[in-house]
Amino acid sequence: MSEAVISNAPVDTEKPKFFNYKGITTILGGVGFLGLVAFLSVGSGDTHKFMLNSYMYGYIFWLMVTCGCLALTLLHNSIKSSWTLPVLRIFEAGSGWMTWGMLAIGLVPLILKTDVVYEWARPEAASDFILSRKAAFLNKPVFAGVILGGYALFAFMANTLRKSTNRHDKSGDANEYQFRTNFATPMMVIFVSVLTFVLTLLAMSLTPKWYSTIYTLWLLIGGCQAALSMAIFLVTRNAAKQPYANVMAPGLTKDLGNMMFVLTMLWGYTSVSQLIILWNGNLPETTVFYAHRGADAMLGWNLIGASTILGCFVIPFVTLLSPRVKRYADRLALIAAFIFCFRILDVYWIIGASIPSRMSPQAFGPSSIFDAIGWIVMALAWFAVMLNNVEKAPLIPLYDKRLEEAKNNAH
Amino acid sequence: MAKVQDRKLNDLLITGDQTYTSIDSSVDRLILNQKLHGKGWNILFLIGISLTGLLGVSIFWLLYQGIGIWGNNVPSAWGFDIINFVWWIGIGHAGTLISAILLLMRQQWRNSINRFAEAMTIFAVMCAGLYPILHTGRPWNAYWLFPYPNILAMWPQFRSPLMWDVAAVSTYFSVSAVFWFVGLIPDFATLRDKSTNKYGKVIFGTLAMGWRGSNQHWHRYEQMYLLLAGLSTPLVLSVHSIVSFDFAISIVPGWNVTVFPPYFVAGAVFAGFAMVMTWGLPLRKFYNLKHLITDRHIDWMCKITLATGLIVFYGYLLEIFYSWYSGNFYEFKLLMKTRFTGIYAPMYWLLIFCNGIAPQIFWVPKYRRHEPTIIVVCFLISVGMWLERFVIIPMSLTNNYLPSSDKPYYPSFWDVAMFTGTIGLFITLMMLFIRFLPVINIFEVKDLFYKMGGKKEIVEEVGANS
């Protein structure tokens with residue numbers, strides 16, 4: 001039970017623990033990421049092919065966490081919410097221009113070796129009736145241009161907001177609030193619109209003849225869930241340390257838990273909507289997404305899919321209904337970690353099973369070790385960038401005292 | 001009741017020099033002083049009741065002749081009936097959203113608008129419910145839609161979303177009606193106590209169900225209201241999602257669209273808020289309620305309308321992009337040949353204007369407080385949302401996989417008569433509601449007034465939540 005939340009136990013004045021990992025993640029993440037990108041960009045052979053396919057999973061997972069961070073930053077600034085204040089700096093750091101830069105570098109092997117991963121980039125696609133109709137969109141220049149352009153735009157959004165909060169911290173000028181609201185609200189519209197094209201190219205086109213209009217929303221909600229659960233875990237695990245100890249109160253943890261609850265419901269809602277509609281439609285071109293994922297009765301994609309129903313929806317839903325869980329930082333940290341772990345599995349089910357070479361029930365398994373390596377390297381690199389970025393500003397914005405006042409006024 | 005002039009007031013939610021008594025009388029005078037309702041009320045009621053008469057004639061003729069009097073044909077077996085059903089159900093969404101979801105989110109600005117929004121919900125769902133019941137052809141057998149043991153051994157087809165609709169809409173109506181009634185009980189007691197008329201005392205006394213305002217009563221009331229809010233919240237999402245399944249689970253071009261559930265829910269909230277403002281603005285003007293339904297309320301409703309409108313517009317763009325990206329000939333044909341350039345194209349482009357372009361004016365703050373602009377935009381949204389259903393239903397049904405499906409759909413006189421009739425029924429019920437029930441939740445506004453004036457920290461909380 002977190003003492004910081006329920007009692008007046010002495011406050012630890014040390015920095016949050018996650019800073020301790022900055023050095024090691026920077027070294028391992030930097031070396032691992034650059035080495036992997038170099039190998040994937042210039043390599044060849046079966047190992048290279050396996051690794052590049054596996055890399056897709058880790059890359060898209062951390063891209064979605066970054067998108068989740070940016071979406072929640074935009075939301076925070078649009079509605080001027082107070083519950084996001086303790087996690088805002090993590091979101092800002094997680095979606096800063098350095099992260100987008102890292103993701104742009106990570107895209108290089110996919111641009112250079114598009115045909116290894118994407119069926120539509122292979123010469124035989126030209127003779128395919130459906131793929132030839134999509135060729136104006138599914139081609140290498142559009143792939144590179146739209147995704148890199150999207151990243152540049154997202155970096156601009158994140159950077160503008162980050163600069164404004166930094167200025168606000170220094171000057172205390174309340175006009176910055178309004179500036180961010182005016183900026184973030186239309187940007188949220190642009191962000192979702194552009195992300196639709198980015199994810200269609202990067203993720204949906206892994207199964208090139210398949211399409212689903214809810215796909216972007218589904219992935220984005222999952223990304224927000226991953227970003228929020230990660231940030232909540234980092235914050236609540238350090239609830240007794242400064243500066244979080246100044247603001248942690250049952251009301252705040254309840255709000256954070258409620259937001260996780262909302263995202264859990266939205267994830268379940270979008271997942272079920274897509275499944276019901278495609279299953280009932282029963283068209284070959286759309287059911288292809290579920291066909292091989294549900295074909296192996298015992299182990300494999302089917303088992304992972306079934307476990308995500310429990311882990312991504314049923315268990316978090318039931319747990320987060322309870323106010324007792326949301327009241328205490330330690331319990332909230334536990335459920336946040338649980339949700340994050342199942343996000344890893346869910347994206348694996350969505351992306352891993354979409355890779356063309358794995359479109360059969362038997363294909364699950366042999367590549368798992370490569371998948372794990374790709375995910376871990378991306379995770380280290382992502383955390384290295386985030387941790388280096390997050391310490392450049394106070395962990396809780398100085399300009400907004402609502403949480404401190406709420407805690408001081410609480411009975 | 002003592003004045004609280006010296007207390008700090010957040011004049012954005014309640015304006016002017018108010019007291020508990022003045023808040024009471026602002027609302028209850030509409031019921032206790034019937035002379036307040038002048039010519040305007042009489043004219044609107046007359047229009048409403050006349051159109052309701054037309055509805056009655058339409059229903060009689062329909063029952064006498066059968067549904068052949070409608071413009072429905074093969075392949076367009078669904079026409080005005082389902083368009084209007086979905087349109088009315090959509091309008092019925094804002095009430096429960098305002099009442100339940102905003103309550104759970106502790107958004108106290110809902111207090112001034114929830115009552116008439118809830119009334120709108122119930123009346124709109126009543127209008128909606130008429131269509132599928134009449135479309136069965138034998139409405140006297142409509143109870144067959146419910147699963148019950150019977151000697152015919154006939155069970156509904158549970159795999160059909162039309163059956164899910166029956167459960168969803170009837171549950172939504174029941175819960176909304178109970179929620180509305182429970183919320184009215186403390187106000188009925190106020191009216192019982194203030195009524196000087198014998199009939200008023202008896203009627204409101206009966207409806208108040210023995211409410212004395214004791215601590216125990218309030219405790220139970222709060223618990224029940226919160227439980228009902230929790231129950232209503234998933235219903236708000238589920239009803240229109242299930243309505244969207246009526247279309248989305250089939251393979252008709254333009255229907256098998258996975259984004260339909262959230263897109264329909266957003267559209268429903270969009271239409272619902274537009275209708276709330278369409279009634280709320282004249283209401284506050286003609287009955288001098290601007291101190292309770294303030295510009296801040298209108299501003300926030302405009303923002304929600306804009307946000308949900310953007311989601312709807314995003315849905316239109318997704319439909320366009322993915323009908324091309326799908327590589328499916330029939331999806332592409334529906335888009336390019338029917339929606340963009342076909343015989344119904346003007347309706348499609350008008351839809352884009354009404355739902356996509358017109359609400360963008362709400363980006364500009366001054367227009368969110370300019371009543372004529374808001375009324376015009378809200379009217380356009382109502383038209384646009386009706387057109388959206390027209391675009392989805394007859395346009396897809398008349399452009400199917402077979403050349404023989406290319407038969408246009410035209411509504412008959414009785415389709416139009418029935419639609420205007422339900423509008424009349426809605427107007428009639430709303431006018432009766434305005435005259436005989438409290439249009440604003442009196443005790444919740446007083447509670448907000450107390451919190452705003454009495455406790456500094458809650459004033460800030462209200463401000464922060466805003």
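Which residues does A:Ser273 touch, not counting residues up to four places away in sequence? The legends below take this contact set as the opening view of a predicted model.

**Figure 1. Surroundings of A:Ser273 in the predicted model.** A:Ser273 touches A:Ile214, B:Phe245, B:Thr258 and B:Pro261, when residues up to four places away in sequence are left out. The residue sits in helix H11 of chain A. Its relative accessible area is 2%, under the 20% cut-off, so A:Ser273 is classed as buried. The partners listed for A:Ser273 include residues of chain B as well as A:Ile214 of chain A.

**Figure 2. Contact region between chain A and chain B.** On the chain A side, 37 residues are in contact, and on the chain B side, 30 residues. Together the two chains bury about 3,100 Å². Carbon and sulfur atoms give 67% of that buried area. Of the area that chain A buries against chain B, 23% is supplied by A:Thr213, A:Tyr269 and A:Ile277, and no other three residues supply more.

**Figure 3. Surroundings of A:Leu256 in helix H11.** Helix H11 of chain A covers residues 250–281, and A:Leu256 is found in this helix. With neighbours within four places in sequence set aside, the contacts of A:Leu256 are A:Trp83, A:Val87, A:Leu228, A:Ile232 and A:Leu332. Relative accessibility is 0% for A:Leu256, so this residue counts as buried.

**Figure 4. Separation of A:Leu256 and A:Ser44.** Along the chain, A:Leu256 and A:Ser44 are 212 residues apart. The distance between their C-alpha atoms is 46 Å. For scale, the C-alpha atoms of chain A fill a box of roughly 70 × 40 × 40 Å along the principal axes.

**Figure 5. Chain A, with 17 helices and zero strands.** The secondary structure of chain A consists of 17 helices, with zero strands. Chain A has a radius of gyration of 21 Å, close to the 22 Å given by the globule rule for 411 residues, so chain A is as compact as a globular protein of that length. Of the 411 residues in chain A, 56% are buried. Among contacts in chain A with a separation of 6 or more, 83% are between residues 24 or more positions apart. The exposed area of chain A is about 15,700 Å², and 67% of this comes from carbon and sulfur atoms. Chain A carries 31 positive and 22 negative charges, whose mean positions lie 2 Å apart.

**Figure 6. Chain B, with 16 helices and zero strands.** Chain B contains 16 helices and zero strands. The radius of gyration of chain B is 23 Å, close to the globule-rule value of 23 Å for 466 residues, so chain B is as compact as a globular protein of that length. Its C-alpha trace spans about 75 × 55 × 40 Å along the principal axes. Buried residues account for 59% of the 466 residues in chain B. For contacts in chain B with a separation of 6 or more, 80% join residues 24 or more positions apart. Chain B exposes about 19,200 Å², with 69% supplied by carbon and sulfur atoms. The charged side chains of chain B number 35 positive and 25 negative, and the centres of these two sets are 4 Å apart.

How values were computed. Residues are numbered from 1 along each chain as its sequence is written. Chains are lettered from A and ligands numbered from 1 in the order in which they are written. Side-chain values use heavy atoms; hydrogens and water are left out. Helices (H or I, at least four residues) and strands (E, at least two) are DSSP runs, numbered from the N terminus. The radius of gyration is taken over C-alpha atoms; the globule rule is 2.2 Å times the number of residues to the power 0.38. Buried means under 20% relative accessible area, exposed over 50%, partly exposed in between (1.4 Å probe, protein chains only). Contact means heavy atoms within 4.5 Å. Accessible areas come from the Shrake-Rupley method with a 1.4 Å probe; for residues, only the protein chains shown count as cover. Lys and Arg count as positive and Asp and Glu as negative; His and the chain ends are not counted. The place of a charge is taken as NZ of Lys, CZ of Arg, CG of Asp or CD of Glu. Buried area is the accessible area (1.4 Å probe) that two parts lose on being put together, summed over both.
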